[in-house]
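Please open the model in your viewer, with side chains available for display, and follow the stops below in order. Each stop says what to select and then what is to be found there.

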Amino acid sequence: MIECIFTIDYEIYGNGYGSLGELVYEPAERLKAIFSKWNARFVTFVEVAELEMIEAKGTDSDIDLVKDQIQKFFKEGFELGLHLHPQWYNAGYENSKWHLDYSEYNLCTLPEERIAQIVERSIAYLRNILGESDFTPLSFRAGNWLFQPTQSLANVLSEQGIKVDSSVFKGGMQHQHKLDYRPALRNGYYWRFSTDTNVPDSKGILLELPIHTQMIPAWKMLTAKRVNIQRKGSFTTQNGKTRTGQNKLYRLMDFMRLQYPLKLDFCRMTINELTCMMDIIIRADHENPTSFRPIIAIGHTKDLVDFETVESFLSYLEQKRIAVSTFEGIYDKCVNAHC
Ligand SMILES: [Zn+2]
């Protein structure tokens, strides 16, 4: 059985560029209207650090609209997940520009006490937005998908009551951050883990529900749609300026692979790519209908411009009788399956 979970990272560009109205509020509002029409729900991965800092420094008047929207998502069953880009917390704002603290870019490499401070602070801010002092998100997604090295962050999340991670994309590799999700290609549709996201552990403290990927020849990544969206965000390098020679080299090394993991991305893929990827999963399901196949799709509010494709994809899923769910909707099924 297949169920599809749509997740959307709710954030502006990773270096502080862009406005909340254009890159977050408006696209999320339109997406919510579409899903409501189809009586479906998605998971909103709220990037909490930037919202707290934007509010504290008073840099974007649409912060109130955004907080209001998050409350409405919560009330109407659009699950809220925790997404964190920790480089925001020590950020400064000068001459109309954010200066982020890239020494804290990868949460996993910080001391465990610092990780705990950041996670606690982010959950407290979400509770404050919702006016719910006991709210704890079920799920987490790391900024730039960085959940390695795994152990400290996994400990902290579990201690804080988070149960699901959705940072892994099988086959993923980033030389610059020493990220390597290639070993996860051997894993199933979901698994428990503790010390390494790649390594299934039946007694693991978190449940991994990875973003669905398919390994494809690298040149196939270059569709017009993806290249255009990529170009739009291409100034969002870590130093906020143009890419440095070393950054370019790292990116080139990431791409110099025969096979590349294409994420199931409903903002960047064409309808043909989306349905072809699902068709492969449907064929596997026909061959072995007893296993449970939660399929996690990803999108970003800042990439969301093609709403027609989203509608067509929802229509395709309905036609194929594939339910659209949330992590809350499938969690028990995964746990009861003794993954
Ligand atoms: Zn993000």
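With which residue does lysine 37 form a salt bridge? Bear in mind throughout that this is a predicted model, and then select lysine 37 together with glutamate 311, whose closest N and O atoms are 3.1 Å apart. Lysine 37 belongs to helix α1 and glutamate 311 to helix α9, so this pair ties together parts of the chain that are 274 residues apart in sequence. The two partners can be coloured by accessibility: lysine 37 counts as exposed, at 60% relative accessibility, whereas glutamate 311 counts as partly exposed, at 24%.

**Stop two: the start of the chain**

Select glutamate 3 and lysine 333 next, and display their side chains, which meet in a salt bridge with an N to O distance of 2.3 Å. Glutamate 3 lies in strand β1 (residues 2–10) and lysine 333 in helix α10 (residues 327–336), so here the parts tied together are 330 residues apart in sequence. Glutamate 3 is buried at 7% relative accessibility, while lysine 333 is partly exposed, its relative accessible area being 36%. These pairs belong to a count that comes to twelve salt bridges.

**Stop three: glutamate 11 and its two partners**

Now select glutamate 11 and lysine 302, whose side chains meet in a salt bridge at 2.9 Å, N to O. The pair links distant parts of the chain, since glutamate 11 is in the loop between β1 and α1 (20–37) and lysine 302 is in the loop between β14 and α9 (307–319), 291 residues apart. Both residues are buried, glutamate 11 with a relative accessible area of 3% and lysine 302 with one of 13%.

Keep glutamate 11 selected and add the zinc ion, together with His83 and His85. Which protein atoms are the donors of the zinc ion? Glu11 supplies two OE atoms, and His83 and His85 each supply NE2, with the donors lying 2.1 to 2.5 Å from the ion. Along the chain these donors follow the spacing E-x71-H-x1-H. Glutamate 11 lies in the loop between β1 and α1 and histidine 85 in the loop between β3 (80–84) and β4 (92–94), so the pair ties together parts that are 74 residues apart in sequence. Histidine 85, like glutamate 11, is buried, in its case at 9% relative accessibility.

If you draw the angles among the four donor atoms, they run from 55 to 127 degrees, and the site is irregular. The reason for that label is that a tetrahedral site would need all angles to lie between 85 and 135 degrees.

**Stop four: the cavity**

Select Leu84, Pro86, Tyr105, Asn106, Leu107, Ala142, Gly143 and Leu146, which line the largest cavity. The structure holds one cavity of 30 Å³ or more, and about 30 Å³ of space lies in the largest cavity. By class, its lining has six nonpolar and two polar residues, with no charged residues.

**Stop five: the loop between β6 and α5**

Select asparagine 144, which is in the loop between β6 and α5 and has a positive phi of about 55 degrees although it is not a glycine. Asparagine 144 counts as buried, at 18% relative accessibility. Proline 149 also has its place in the loop between β6 (139–142) and α5 (151–159), and the peptide bond leading to it from glutamine 148 is cis, with omega near -5 degrees.

For another positive phi, select asparagine 39, where the value is about 55 degrees although this residue, too, is not a glycine. Asparagine 39 is in the loop between α1 and β2 (43–47) and is exposed, with a relative accessible area of 66%.

**Stop six: the second largest pocket**

Finally, select Lys170, Tyr189, His212, Thr213 and Gln214. What do these residues have in common? The second largest pocket has a volume of about 290 Å³, and of the 16 residues that line it, these five are the closest to its centre. Extend the selection to β12 (213–217), α8 (271–287) and β14 (293–300), each of which supplies at least two residues of the lining. By class, the lining has ten nonpolar, five polar and one charged residues.

Note on methods. Residues are numbered from 1 along each chain as its sequence is written. This is a predicted model: local features need pLDDT of at least 70, side-chain atom pairs count only at pLDDT 80 or more; totals for chains, interfaces and linings use all residues. Side-chain values use heavy atoms; hydrogens and water are left out. On a 1 Å grid over the protein atoms alone, a cavity is a set of points where a 1.4 Å probe fits but cannot get out, and a pocket is an open set with protein on both sides within 12 Å along at least five of seven lines; lining residues have an atom within 4 Å of a point. Grid points are joined across faces, edges and corners, and a volume is the space filled by probe spheres set on the points. Helices (H or I, at least four residues) and strands (E, at least two) are DSSP runs, numbered from the N terminus. Ala, Val, Leu, Ile, Met, Phe, Trp, Tyr, Cys and Pro count as nonpolar, Asp, Glu, Lys and Arg as charged, and the others, Gly among them, as polar. A salt bridge is a side-chain nitrogen of Lys or Arg within 4 Å of a carboxyl oxygen of Asp or Glu. Buried means under 20% relative accessible area, exposed over 50%, partly exposed in between (1.4 Å probe, protein chains only). Donors are N, O and S atoms within 2.8 Å of the metal (3.2 Å for Na, K and Ca); water is not among the atoms, so sites may look incomplete. Four donors count as tetrahedral if all angles lie between 85 and 135 degrees; four count as square planar and six as octahedral if opposite donors are over 155 degrees apart and all others between 65 and 115; anything else is irregular.
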